[in-house]
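User: I have a model open and would like to go through its helices and a few individual residues. Could we take it step by step?

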Amino acid sequence: MKQVPALKIEDSNQPDQILTQSVAICTYLDQVHPENPLLGSCPLKRARIMEFVEIVNSGIHPIQNLPILNAVEKLKGDKVKWAQDVIVKGFETLESKLKWTYTNPESVKFCCGDTVTMADVFVIPQMFNADRFKVDMSRFPFLNTLRTNCMKLESFSLAAPNKQPDTKL
């Protein structure tokens, strides 16, 4: 299938299934593992979580993805500058959402409260892209605190790009 991400679902009662696309995978995991909700149960909180998800999923990630960067370069554009601009614009929006929720950077735990949600799962990987493209992160103290908190968790630290066997850094 050659799509990342992909989730193989094995069930002895039916043929194996493959899910692709981050939102679909996270939604599935949220439903089959209600003990660790990624979306929360309150409708307003779910909507807030999806705001963060969509900022990344629609506004940052696809616009600075490899095929787009290669197209920018083919058109004689500066793909690093392009990626930086896209990431900064998206991070300004994310930072403003965190500022609206929290009084100061030190009070940030996770994007939408005291537990990890789908919002965190989407935001943190983009911070690795910011590192890759040398974005000045000093402008984003709320996001930096979020990253510090998430990276203390084994699930995030083990998912870091430098921990993946196929990553070329």
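Analyst: The following exchange covers helix packing first and single residues afterwards. Please note that this is a predicted model.

User: Let us start with α4. Why does its end-to-end distance agree with its number of residues?

Analyst: Helix α4 covers residues 79-101, which is 23 residues, and at 1.5 Å a residue these should span 33 Å. The C-alpha atoms at its two ends are 33 Å apart, so the expected span and the model agree.

User: What caps its N-terminal end?

Analyst: Asp78 does so: one of its side-chain oxygens is 3.1 Å from the backbone nitrogen of Val80.

User: And which residues of α4 are buried?

Analyst: The buried residues are Ala83, Val86, Ile87, Val88, Gly90, Phe91, Leu94, Glu95 and Leu98. As a general point, an α-helix has 3.6 residues a turn, so residues three or four places apart point the same way.

User: What do they pack against?

Analyst: The buried residues of α4 pack against four helices, namely α2 (43-60), α3 (66-74), α5 (118-132) and α6 (141-151).

User: Take one of them, Ile87. Why does it count as buried?

Analyst: Ile87 belongs to helix α4, and its relative accessible area is 0%, which means that it falls under the 20% limit for a buried residue. Leaving out neighbours within four places in sequence, Ile87 is in contact with Ile60, Gln64, Asn129, Ala130, Phe133 and Val135.

User: How far is Ile87 from Val135?

Analyst: Their C-alpha atoms are separated by 7.8 Å, with the two positions 48 residues apart in chain numbering.

User: Gln64 was in that contact list. Where is it found?

Analyst: Gln64 sits in the loop between α2 and α3. Gln64 counts as buried because its relative accessibility is 2%.

User: With which side chain does it make a polar contact?

Analyst: The partner is the side chain of Gln126, at 3.1 Å. Residues up to four places away in sequence aside, Gln64 touches Leu69, Ala83, Val86, Ile87, Gln126, Asn129 and Phe133.

User: Changing topic: how do α1 and α5 cross?

Analyst: The axes of α1 (residues 22-32) and α5 come within 11 Å and cross at roughly 145 degrees. The crossing of α1 past α5 is right-handed. Ser22, Val23, Cys26 and Thr27 make the contact from α1, while Met118, Val121 and Phe122 make it from α5.

User: How many nonpolar, polar and charged residues is that?

Analyst: The contact of α1 with α5 has five nonpolar residues, two polar ones and no charged ones.

User: Is Val53 buried or exposed?

Analyst: Val53, in helix α2, counts as buried because its relative accessibility is 0%. Setting aside residues up to four places away in sequence, Val53 touches Val23, Met118, Ala119 and Phe122. Among these, Val23 also takes part in the contact of α1 with α5, as do Met118 and Phe122.

User: What about α6? Which residues are buried there?

Analyst: In α6 the buried residues are Phe142, Leu143, Thr145, Leu146, Arg147, Asn149 and Cys150. Their cover includes α4, α5 and α7 (154-157).

User: Why does Asn149 count as buried?

Analyst: Asn149 has a relative accessibility of 18%, and buried means under 20%, so it counts as buried. Beyond residues up to four places away in sequence, Asn149 touches Val108, Lys109 and Phe110.

User: And Ser155, buried or exposed?

Analyst: Ser155, found in helix α7, is exposed because its relative accessible area is 55%, over the 50% limit. The C-alpha atoms of Ser155 and Val121 are separated by 9.9 Å.

User: Last topic, backbone angles. What is phi of Gln21, and what is phi of Lys134?

Analyst: Phi of Gln21 is near 85 degrees, a positive value in a residue other than glycine. For Lys134, also a residue other than glycine, phi is near 55 degrees.

User: Where do these two residues lie?

Analyst: Gln21 lies in the loop between β2 (14-20) and α1, and Lys134 in the loop between α5 and α6. Gln21 counts as partly exposed because its relative accessibility is 46%, whereas Lys134, at 69%, counts as exposed.

Definitions and conventions: Residues are numbered from 1 along each chain as its sequence is written. This is a predicted model: local features need pLDDT of at least 70, side-chain atom pairs count only at pLDDT 80 or more; totals for chains, interfaces and linings use all residues. Side-chain values use heavy atoms; hydrogens and water are left out. The expected span of a helix is 1.5 Å times one less than its number of residues. Buried means under 20% relative accessible area, exposed over 50%, partly exposed in between (1.4 Å probe, protein chains only). Contact means heavy atoms within 4.5 Å. A polar contact is a pair of N or O atoms within 3.5 Å; within protein, one must be able to donate a hydrogen and the other to accept it, and residues adjacent in sequence count only if both atoms are side-chain atoms. Axes are lines fitted to C-alpha atoms, for helices over the stretch in contact, and angles run from 0 to 180 degrees between N-to-C directions. A crossing is left-handed if the near helix is turned anticlockwise from the far one by less than a right angle, and right-handed if clockwise. Ala, Val, Leu, Ile, Met, Phe, Trp, Tyr, Cys and Pro count as nonpolar, Asp, Glu, Lys and Arg as charged, and the others, Gly among them, as polar.
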